[in-house]
Amino acid sequence: MESAHHLIMSSRVTGTAVFNPAGERIGHVDDLSIHKVSGQIIYAVMSFGGFLGVGERFHPVPWSMLEYDIEKNGYVVPLDKAALEAAPSLDRAQLESLGAGDAWRTRLFDYYGTYGALPYI
């Protein structure tokens, strides 16, 4: 079943479950990173791990890697739990500098490029 529309409010994306191809829930979308000039969503910031907010890590996953699955009512990424754990991540305090420079962007796409993600311009 296809959705009746192609747009969604960011408030509906936040909190949406993220699954690996095997159907295992590996996290949820905590936030979105949006390019200021183009308005394009660049990253879905996934929340992963921790307990009651302690030790929680945030993984900026290129938006292009998420595919919405209507049946799961969530997104599927081509990552298993081990690949996500090995991915570049941030703690809550470090999220403030996410868009601060080319070094972080290069690090993310060096990692996710092996999964088919392309760097944004």
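**Exercise 1. Determine which residues of helix 3 are buried, and work out how they are arranged about the helix axis.**

Step 1. In this predicted model, the buried residues of helix 3 are W104, L108, F109, Y111 and Y112.

Step 2. Viewed down the axis of helix 3, these buried residues fall within an arc of 155 degrees, so they line one face of the helix. The general background is that an α-helix has 3.6 residues a turn, so residues three or four places apart point the same way.

Step 3. On the face of helix 3 that is turned away from the buried side stand the exposed residues D102, A103 and D110.

Step 4. The partners of the buried residues of helix 3 are strand 3 (41-48), strand 4 (57-62) and helix 2, against which they pack. Helix 3 itself lies across strand 3 and strand 4, and its direction makes an angle of about 75 degrees with strand 4.

**Exercise 2. Place the strands in the overall succession of elements, and describe the sheet that they form.**

Step 1. The chain contains three helices and six strands, and, read from the N terminus, its elements follow the pattern α-β-β-β-β-β-β-α-α.

Step 2. Six strands make up an open sheet in the order 4-3-2-1-6-5, and the pairing within this sheet is mixed. Strand 4 and strand 5 are the edge strands, each of them pairing on one side only, while the twist from one strand to the next averages 40 degrees.

Step 3. At one of these edges, strand 5 pairs with strand 6 in the antiparallel sense over three bridges, and Y68 stands opposite Y75 of strand 6.

**Exercise 3. Decide for the loop residues S89 and N20 whether each is buried or exposed, and list what each touches.**

Step 1. S89 is placed in the loop between helix 2 (81-86) and helix 3 (102-112). Its relative accessibility is 16%, and because the cut-off for buried is under 20%, S89 counts as buried.

Step 2. When neighbours within four places in sequence are left aside, the contacts of S89 are R57, F58, H59, Q94 and W104; of these, W104 is one of the buried residues of helix 3.

Step 3. N20 belongs to the loop between strand 1 (17-19) and strand 2 (25-34), and with a relative accessibility of 3% N20 is likewise buried.

Step 4. Not counting residues up to four places away in sequence, N20 touches I26, V76, V77, L79, D80 and K81.

**Exercise 4. Examine the loop between strand 5 and strand 6 for the backbone of N73, and then locate the salt bridge of K72.**

Step 1. N73 is found in the loop that joins strand 5 (67-69) and strand 6 (74-76). Although N73 is not a glycine, its phi is positive, at about 55 degrees.

Step 2. As a general matter, most residues other than glycine have a negative phi. N73 is also exposed, with a relative accessible area of 55%.

Step 3. A search of the whole structure yields one salt bridge, in which the side chains of D69 and K72 meet at 3.5 Å, N to O. K72, at 32% relative accessibility, counts as partly exposed.

**Exercise 5. State how much of the chain is buried, and what its exposed surface and its contacts consist of.**

Step 1. Of the 121 residues in the chain, 37% are buried.

Step 2. The chain exposes about 7600 Å², of which carbon and sulfur atoms supply 54%.

Step 3. Among the contacts between residues at least 6 apart in sequence, 47% join residues at least 24 apart.

Technical notes: Residues numbered from 1 in each chain as written. Predicted model: local features only at pLDDT ≥ 70, side-chain atom pairs only at ≥ 80, totals over all residues. Heavy atoms only, no water. Helix = DSSP H or I, 4+ residues; strand = E, 2+ residues; numbered from the N terminus. Buried < 20%, exposed > 50% of the residue type's maximum accessible area, 1.4 Å probe, protein only. Contact = heavy atoms within 4.5 Å. Areas by Shrake-Rupley, 256 points an atom, 1.4 Å probe, with all protein chains shown as cover. Salt bridge = Lys/Arg side-chain N within 4 Å of Asp/Glu carboxyl O. Arc of directions from axis to C-beta. Pairing = 2+ DSSP bridges. Axes fitted to C-alpha atoms, helices over the stretch in contact; angles between N-to-C directions.
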